[in-house]
Amino acid sequence: MSGISRISTNTPWEPIVGYSRLVRAGDIVAVSGTTATDDRGLIVGPGQMYVQARQALENIRTALERAGLAMHQVIRTRMFVTDMTRFADVARAHKEFFADSPPASTVVEVRRLANPDMMIEIEADAYAGTANSQTTNAKPQASIKPKPAAKSAPKSAKKPPSKKPARRK
């Protein structure tokens, strides 16, 4: 696919700020920062991080589906939270959507979002190319393993000969 296509939703901020919920440029799809709003643009779950994270991810899924894509095509998420102590709630919701095809992901704490009732905002990038079938984690192609620490010589090992000249008596 060539060209750029845009999908908008009925959140109140899109026309004010001038952005689209989703932009597709060829095989690359970018979903704007998405919060926990319902179909009327009202914030869902004030004070409930898990509820807001799930709603934001549902909104991302809806935008992707409107573009003919699915969640398993997401290759990266960025999550902005107002309270990192609630990370377990965020992680739980994210895993529910991505357990079978985990994307690269980042979570960052921010001071606040556009509305004081918003606790999380999530961005997503997806790949819409020909390799859009669901992947599995059955056999990882490569694994990054730390190098083993260098072993220290046993105490009983002989020391290497000194390069200093021997002293004469």
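Reader: In which helix do Arg61 and Glu58 both lie?

Author: This is a predicted model, in which local features need pLDDT of at least 70, side-chain atom pairs count only at pLDDT 80 or more, and totals for chains, interfaces and linings use all residues. Residues are numbered from 1 along each chain as its sequence is written, and side-chain values use heavy atoms, with hydrogens and water left out. Helices (H or I, at least four residues) and strands (E, at least two) are DSSP runs, numbered from the N terminus. Arg61 and Glu58 are three residues apart, about one turn of the helix, and that helix is H2.

Reader: At what N to O distance do the side chains of Arg61 and Glu58 meet?

Author: A salt bridge is a side-chain nitrogen of Lys or Arg within 4 Å of a carboxyl oxygen of Asp or Glu. The side chains of Arg61 and Glu58 form such a pair, with an N to O distance of 3.4 Å.

Reader: Is Asp125 buried or partly exposed?

Author: Buried means under 20% relative accessible area, exposed over 50%, and partly exposed in between (1.4 Å probe, protein chains only). Asp125 has 19% relative accessibility, so Asp125 counts as buried.

Reader: How many residues apart in sequence are the parts that Asp125 and Arg78 tie together?

Author: The side chains of Asp125 and Arg78 meet in a salt bridge at 2.8 Å, N to O. Asp125 lies in strand E6 and Arg78 in strand E4, so the pair ties together parts whose separation in sequence is 47 residues.

Reader: Which residues are joined into one network by salt bridges that share partners?

Author: Another salt bridge is that of Arg86 and Asp89, at 3.4 Å, N to O. Salt bridges with shared partners form one network of Arg54, Glu58, Arg61, Arg92 and Glu96.

Reader: Which element gives the largest share of the largest nonpolar core?

Author: A nonpolar core is a set of buried Ala, Val, Leu, Ile, Met, Phe, Trp, Tyr and Cys residues joined through side-chain atoms within 4.5 Å. The largest one has 27 residues, of which Leu57, Ile60, Leu64 and Met71 touch the most other members. Two or more residues each come from strand E3 (28-34), helix H2 (49-66), strand E4 (74-81), helix H3 (87-98) and strand E6 (120-127). The largest share is eight residues, and these come from H2.

Reader: Which residues is Leu57 in contact with, leaving aside its neighbours within four places in sequence?

Author: Contact means heavy atoms within 4.5 Å. With those neighbours left aside, the partners of Leu57 are Met71, Ala93, His94, Phe97, Phe98 and Ile122.
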